[in-house]
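Subject: Structure for your review

Dear colleague,

Please find below the structure that I am handing over to you. I would be grateful if you would look through it alongside the notes that follow.

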Amino acid sequence: MEDKARENSNEKAKAGSGKGFNWFALLLAVIVGYSGWILADQQMTLGALDDDMTAARERLQAARTENQQLKDENTQLQDEAYIEKLAREELGMTRKGEMPYIYADNK
């Protein structure tokens with residue numbers, strides 16, 4: 001009878017340990033899930049910041065190029081020969097005594 005009592009108590013102990021709720025597994029799953037969500041959110045944020053930085057660099061390069069062009073034009077505008085060339089080509093101006101040539105477009 002003692003053997004049967006031992007067997008019954010051993011069976012109950014084994015059966016009880018398998019039927020209980022595993023809180024550790026649940027906690028571990030929640031921690032892993034939350035960590036994954038945090039990492040995914042950070043990656044999306046970093047991707048957006050990288051896109052913004054790339055666009056800012058492109059705008060900066062365009063501004064530097066335009067700035068250099070304006071500096072070059074400013075330097076050229078200090079030269080009287082360049083000013084005369086612009087006046088003749090863009091404004092159609094002539095010197096005193098010159099006759100302008102006007103091209104008639106027959107369209």
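**Salt bridges and a nonpolar patch**

The count of salt bridges comes to three, where a salt bridge is taken as a side-chain nitrogen of Lys or Arg within 4 Å of a carboxyl oxygen of Asp or Glu. Please bear in mind that this is a predicted model.

May I begin with the pair inside one helix? Arg88 forms a salt bridge with Glu84, and their closest N and O atoms are 3.2 Å apart. Both residues belong to helix H3, which covers residues 80–91. They are four residues apart, or about one turn of the helix. Glu84 is partly exposed, with a relative accessible area of 30%. Arg88 is also partly exposed, at 32%.

Glu84 has a further partner, Arg95, and here the closest N and O atoms are 2.6 Å apart. Arg95 lies in the segment after H3 while Glu84 lies in helix H3, so this salt bridge ties together parts that are 11 residues apart in sequence. The relative accessibility of Arg95 is 48%, which counts as partly exposed.

Arg88, in turn, meets Glu98 in a salt bridge, with a distance of 2.9 Å from N to O. This pair links distant parts of the chain, since Arg88 is in helix H3 and Glu98 is in the segment after H3, 10 residues apart. Glu98 is partly exposed, having a relative accessible area of 36%.

How do these pairs fit together? Through shared partners, the salt bridges join Glu84, Arg88, Arg95 and Glu98 into one network.

I turn now to another part of the structure. Which residues make the nonpolar surface patch? Phe21, Trp23, Leu26 and Val30 make this patch, and its area is about 470 Å². One of these residues, Trp23, is placed in helix H2, which covers residues 23–76. Trp23 has a relative accessibility of 62% and therefore counts as exposed, as the cut-off for that class is over 50%.

When you view the model, I suggest beginning with Glu84, which forms salt bridges with Arg88 and with Arg95. You may then follow Arg88 to Glu98, and afterwards turn to the patch that includes Trp23.

Yours sincerely,

A colleague

Conventions: Residues are numbered from 1 along each chain as its sequence is written. This is a predicted model: local features need pLDDT of at least 70, side-chain atom pairs count only at pLDDT 80 or more; totals for chains, interfaces and linings use all residues. Side-chain values use heavy atoms; hydrogens and water are left out. Helices (H or I, at least four residues) and strands (E, at least two) are DSSP runs, numbered from the N terminus. Buried means under 20% relative accessible area, exposed over 50%, partly exposed in between (1.4 Å probe, protein chains only). Patches are made of residues with over 30% relative accessible area and no salt bridge: like charges are joined within 9 Å, nonpolar side chains (Val, Leu, Ile, Met, Phe, Trp, Tyr) within 5 Å. Accessible areas come from the Shrake-Rupley method with a 1.4 Å probe; for residues, only the protein chains shown count as cover.
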